[in-house]
Amino acid sequence: MARLIETPKPASSAPPRMLALDRNLLRQMNIRPFGEEERAASRKSGVQLELHCKAGQSPAGFVLSAPNSRLPRGLRLAAVAKISDGKGFGLSLVPKGEDAPAIPQAKLQTGKTRLPIPLQQSAAEPNQPDVVITCPESAATATLQEFALVPQAETATSVAAGHVGTWIWDIDPFLQDPDALLAFARNEQLSELYLQLPLPIESQSQMAALERLHDTLTAEGIAVIAVEGDPEMVLPSGRQNALSRLRALREIEQKIPLTALQYDIEPYLLPALARDLPAAWAAWTETIRALSRAWDGPVGVVLPFWMLESKDGLKALDHAAASLAAVTVMAYRTDINEIVAISEPWLAWGGRSGVPIRIAVENGPLEQEIHKVYLRAKEGTLRLASDGNHASAELLTAPVPERSDAPVYRFSHEVRVDMARISFLNDTNKLTSARAHLKHLFPAWPAFAGLAIHDLQQAQREGPEQARIPEQ
């Protein structure tokens, strides 16, 4: 993979970053005293803030703000402030630049004080608040030890925290031994299995074995979701193949009621569509709508987290929303803060659209990625060209000079990607810890519908991004 380096944009043009959850934010916050009488003063002591107020009657206090940061969207959230030895201080969250209310939204008590924050769904809403701590009229001191944002899950939505699933791409071994799959599901505390079913059913004995597998799992409360997927399903011929396979699934469904149907269609893996993502996502929407009509109801989909980073991706998702039963987001990272940050826009979208959102992580082996970094130059071996509708890159054996219509880049260096940043690589302890942490954080989002873990079984076959449905 090549990475092109352009002249960096000013930091002020970067979009605000989401503030982390369940973390003391004081280290990254700036503090500014306010008040006409200049009776508020502060001093940093490590990560803590010492607050000092002289007696007075005019409003005074401290404004805390995190530069270029914003609140998470789409979840039930509370601000938690912890002080020691302080009385009479007030706490409010106000839109940036506005005055704090005359009566604080909460009174700080020694220990922890919790202030609920109204749920915010849209990036258009003002979600870069200032934290305002107001002084009492009497002289007072306090030490602010912690300020954090904590998720607040309601009982009704926290049920989703227990929903965990994984994909099984080869069910043939389990058709003869359904108890083995049940034992695996029990051991991993799974509530859902995404099974690629054998299509078409070739014999009555194969159908009977599939019924036994289904009954064994559902008797234990494990949902069976049929999964299909092939990038070519966005093409006319592939779409017809997908509809043909769906008819076969409808026949199976008459004997074994499937919980749902899920499609893992990734059109950007097709070379032609990878160069035209607007067309790729438009074709994806057309296919999903057609499958939903044929299924007589919405279908589930699996999507990459970066789809929402483009207007075309968001447009396609919005146009398909009525056809979607659920979206499973491939948030393939292993750092908790990264997983939450890339999942947040999806969970907020799910809250706005009413579409349930599953968050998926990767556990399987990955091929080593090497990124080649190229720098803009007067002369180089990588040339870009564009005709206004399409862009292309040309790797040359000898350096060429830049042109006004074709910038060039020179090779700088290679970077070997740390694959442990993307996949848990079957590190059981690390994955178990992550599951517990995410189970605590995600249910605060009403749209959250559970976790999915790819290659939890460490099967010796390719995963969903390489899976192919055979032609019929």
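This report walks through the cavities, the disulfide, one sheet and a few local backbone features of a predicted model.

## Cavities

Let's start with the empty space inside. The structure holds 4 cavities of 30 Å³ or more, and the largest of them comes in at about 120 Å³. Its lining is made up of 16 residues, of which Leu 19, Met 29, Ala 66, Pro 129 and Val 131 sit closest to the centre.

What does the lining of the largest cavity look like by class? There are 10 nonpolar residues, along with 4 polar and 2 charged ones. As for the secondary structure around the largest cavity, β7 (69-70), β12 (129-134) and β13 (140-151) each contribute at least two lining residues.

## The disulfide

Searching the whole structure turns up 1 disulfide. The partners are Cys 53 and Cys 135, with 1.9 Å between their sulfur atoms. The pair ties together distant parts of the chain, 82 residues apart: Cys 53 belongs to strand β5 (residues 48-53), while Cys 135 is in the loop between β12 and β13.

If you care about handedness, the link of Cys 53 and Cys 135 is left-handed, with -60° about the S-S bond. Are the two cysteines buried or exposed? Cys 53 has a relative accessible area of 6%, so it is buried. Cys 135, at 11% relative accessibility, counts as buried too, because the cut-off is under 20%.

## An open antiparallel sheet

β12, already met at the largest cavity, also takes part in a sheet. That sheet is open and has 5 strands, running in the order β3-β6-β12-β9-β10 with antiparallel pairing. At its edges stand β3 (30-35) and β10 (106-107); each has a single partner strand, so one side of each has no neighbour in the sheet.

For a look at one of those edges, take the pairing of β10 with strand β9 (residues 90-95), which is antiparallel and spans 2 bridges. Which residue of β10 is the bridge partner of Gly 90? Lys 107 is.

## A buried arginine

Now over to helix α10 (residues 428-441), which contains Arg 435. This arginine has 17% relative accessibility, so Arg 435 counts as buried, given that the cut-off is under 20%. What does the side chain of Arg 435 reach? At 2.9 Å, the partner is the backbone oxygen of Glu 188.

## Backbone oddities

A few spots are worth a look if you are going through the torsions. Leu 199 and Pro 200 are joined by a cis peptide bond, with omega at about -10°. Pro 200 is located in the loop between β15 (192-195) and α4 (204-218).

Then there are two non-glycine residues with positive phi. Asn 426 has a phi of about 60° and lies in the loop between β24 (408-416) and α10, the helix that holds Arg 435. Asp 455 also has a phi of about 60°, and is placed in the segment after β25 (448-454).

How do these two residues fare on accessibility? Asn 426 has a relative accessible area of 40%, so it is classed as partly exposed. Asp 455 has 10% relative accessibility and therefore counts as buried.

Definitions and conventions:
Residues numbered from 1 in each chain as written. Predicted model: local features only at pLDDT ≥ 70, side-chain atom pairs only at ≥ 80, totals over all residues. Heavy atoms only, no water. 1 Å grid on protein atoms, 1.4 Å probe; cavity = no way out; pocket = protein on both sides within 12 Å on 5 of 7 lines; lining within 4 Å. Points joined across faces, edges and corners; volume = space filled by probe spheres on them. Helix = DSSP H or I, 4+ residues; strand = E, 2+ residues; numbered from the N terminus. Nonpolar A, V, L, I, M, F, W, Y, C, P; charged D, E, K, R; others polar. Disulfide = S-S within 2.5 Å. Buried < 20%, exposed > 50% of the residue type's maximum accessible area, 1.4 Å probe, protein only. Pairing = 2+ DSSP bridges. Polar contact = N/O pair within 3.5 Å; in protein donor to acceptor, adjacent residues only side chain to side chain.
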